[in-house]
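Work through these exercises with the sequence and the model side by side. Each task is followed by its solution.

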Amino acid sequence: MATAYKKMTSICLSIKNEIFTDIEIHNQHTLPSFVDLPNLSSSIYSTELAGRLHAFLVACPPSGPSPHVAELIIATADFQKDLTSWKISPVKGGVNAKDLFHLYIMVWIQDKRHSLLESCKLDKVKWSGVRTQHSTTPFIDEVYDRLRETLNDYEVIICRWPEYVFVLEEAIADVEKAIVEALDKQYADVLSPLKENLAPKKFGLKYVQKLAKRLEFC
């Protein structure tokens, strides 16, 4: 699978180089002025590449933002960005990196969310009394390590499409709520008495009036 993705990445880079070569040829003014070689060739290349990428992703769907998948995302996004910087007009059916990977990215985030929530279930939480160097339980350290790994894995995507930050934030917020709920249940015998003692006390009107008079004399 990794080899297949690397080959697809290589195709993206090769086609981009072909278009850049056409731009250099055009700039030599060896062709008639009405022949816009870069736009003509890029419309064919971009449409063909978009079809190949779509077919490839359907045949070999990426299971997550692993290194070889990240390389293909970068190559595809850079291909699209370079065409824009070269002032080549976009064509219908051409390469659109976000459209190609959007559904996969959304599935990856939801799968990661479900996986992390599953690890926060009461029967999955490590009940050992062992404490880590941060005075936390191994469960807390393990989940937050996985959250950090998740953010690192999605850095490539967020750098190119910042809007996915909000989807990740929602997933992480759900996991953090699950962490608190798991700890609340794990330490219920300790937290319950504390909650009772911290509950706001209700004072009667007579007590409040008596207290107010004392304050007046002070």
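The model is predicted. As a warm-up, note that W161 and Y164 are both buried.

**Exercise 1. Find the aromatic pairs and classify two of them.**

Start with the count. A search of the whole structure finds three aromatic pairs. One of them joins F20 and W86: the centres are 5.5 Å apart and the planes meet at 40°, a tilted pair. Next, place the two partners. F20 sits in helix α1 (residues 2-27), while W86 sits in the loop between α3 and α4 (97-119), so the pair ties together parts that are 66 residues apart in sequence. Now take W161 and Y164. Their ring centres lie 6.4 Å apart with the planes at 75°, so this pair is edge-to-face. The cut-off for that class is over 60 degrees.

**Exercise 2. Decide whether F20, W86 and T150 are buried, partly exposed or exposed.**

Set the limits. Buried means under 20% relative accessible area, and exposed means over 50%. F20 has 36% relative accessibility, so F20 is partly exposed. W86 has 27%, so W86 is partly exposed too. T150 has 5%, so T150 counts as buried.

**Exercise 3. Describe the surroundings of T150.**

First, the element: T150 belongs to helix α5, residues 138-153. Then the partners. Set aside neighbours within four places in sequence; T150 is then in contact with K112, L116 and L168.

**Exercise 4. Characterise the largest pocket.**

Begin with volume. The largest pocket holds about 200 Å³ of space. Then list its walls. The lining has 13 residues, and Q80, L83, P90, V91 and V95 lie nearest the centre. Trace these walls to helices: α2 (37-59) and α3 (67-85) each supply at least two lining residues. Finish with chemistry. The lining has five nonpolar and eight polar residues, and no charged ones.

**Exercise 5. Summarise the whole chain.**

Count the elements: there are nine helices and zero strands. Read along the sequence, the pattern is α-α-α-α-α-α-α-α-α. Turn to burial. The chain has 218 residues, and 31% of them count as buried. Then the surface. The accessible area comes to about 14300 Å², with 60% belonging to carbon and sulfur atoms. Last, the contacts. Among those with a separation of 6 or more, 75% link residues 24 or more positions apart.

How values were computed:
Residues numbered from 1 in each chain as written. Predicted model: local features only at pLDDT ≥ 70, side-chain atom pairs only at ≥ 80, totals over all residues. Heavy atoms only, no water. 1 Å grid on protein atoms, 1.4 Å probe; cavity = no way out; pocket = protein on both sides within 12 Å on 5 of 7 lines; lining within 4 Å. Points joined across faces, edges and corners; volume = space filled by probe spheres on them. Helix = DSSP H or I, 4+ residues; strand = E, 2+ residues; numbered from the N terminus. Nonpolar A, V, L, I, M, F, W, Y, C, P; charged D, E, K, R; others polar. Buried < 20%, exposed > 50% of the residue type's maximum accessible area, 1.4 Å probe, protein only. Contact = heavy atoms within 4.5 Å. Phe/Tyr/Trp six-rings, centres within 6.5 Å; stacked < 30°, edge-to-face > 60°. Areas by Shrake-Rupley, 256 points an atom, 1.4 Å probe, with all protein chains shown as cover.
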